[in-house]
Structures are given as C-alpha cells and as structure tokens.
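Work through the exercises below with the coordinates open, and compare each step of your reasoning with the worked solution that follows the task.

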Amino acid sequence: MNEIFDFLLSSCYVHVRKPDAAIFRIALDGAQVPVDEIISIDDVQMFVDVAIDLDITSIHHTDYLFTSKALTDLGITIKHEKIKYA
C-alpha cells in the first residue's frame, strides 16, 4: 500500500465522514499538493460526485479493469502482478 498511497485518512480519527465535504478538504490539506495532482477512487458514486464538486479528479471504481484503465488514461501506469497468498 505504501507504494501507491501517500497517506491514509480515517474518519474515526478526524470525526468527519463521507459524504461530508469536510473530509475531502481535510484530505486535500493532508496531501499538501495541488488539487490537480490528486485522484480520488471510490466505489460509491455519491462520494465520487462530492470529490468532483471540489475539483478533485475522481474515479468511480466498479472493477479492477475499469479502474486500471481510468488510471492509465490519466497517465498512471499500473503494475499488474499476481497476488501471492501465504
């Protein structure tokens, strides 16, 4: 996870949860990068819509292939590996 995500924001620690736009603003503050460098991925369309309303590039995750293509379309290469279970 550390290879793909810069940080994790958990609603139980910030006492705000989606779809409240405040949690997205907290994430934007935590990211410390311009909004055009952020991509939100969520499987709930309502949450995607809130992110888009805040000018956050957002992907509605429906399945792995769709999300991989959406990221590729944004110029992000996905390394496909087989998952190994212990």
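**Exercise 1.** Determine which residues of helix H4 are exposed and which are buried, and establish how the buried ones are arranged around the axis.

*Solution.* In this predicted model, take exposed to mean over 50% relative accessible area and buried to mean under 20%. By the first criterion, Leu65, Lys69 and Asp73 are exposed on the other side of H4. By the second, Thr67, Ser68, Ala70 and Leu71 are buried in this helix, which spans residues 64–73. Viewed down the axis of H4, the buried residues fall within an arc of 160°, and they therefore line one face of the helix. The next step is to find what they pack against, namely strands E1 and E2 (57–60).

**Exercise 2.** Examine the two ends of H4, looking for a side-chain oxygen at its start and for the sign of phi in the residue that follows.

*Solution.* At the start, a side-chain oxygen of Asp63 comes to within 3.1 Å of the backbone nitrogen of Leu65. After the helix comes Gly75, whose phi is positive, near 90°.

**Exercise 3.** Repeat the analysis for H2, listing its buried residues and identifying what covers them.

*Solution.* Ala21, Ile23, Phe24 and Leu28 are the buried residues to consider in H2. They lie on the same side of H2, because they cover an arc of only 155° around the axis. Their cover includes helix H1 (11–14), strand E1 (39–42) and H3. At the start of H2, a side-chain oxygen of Asp20 reaches to within 2.8 Å of the backbone nitrogen of Ala22, while Gln32, which follows the helix, has a positive phi near 55°.

Definitions and conventions:
Residues are numbered from 1 along each chain as its sequence is written. This is a predicted model: local features need pLDDT of at least 70, side-chain atom pairs count only at pLDDT 80 or more; totals for chains, interfaces and linings use all residues. Side-chain values use heavy atoms; hydrogens and water are left out. Buried means under 20% relative accessible area, exposed over 50%, partly exposed in between (1.4 Å probe, protein chains only). Helices (H or I, at least four residues) and strands (E, at least two) are DSSP runs, numbered from the N terminus. The arc is that of the directions from the helix axis to the C-beta atoms. Contact means heavy atoms within 4.5 Å. A polar contact is a pair of N or O atoms within 3.5 Å; within protein, one must be able to donate a hydrogen and the other to accept it, and residues adjacent in sequence count only if both atoms are side-chain atoms.
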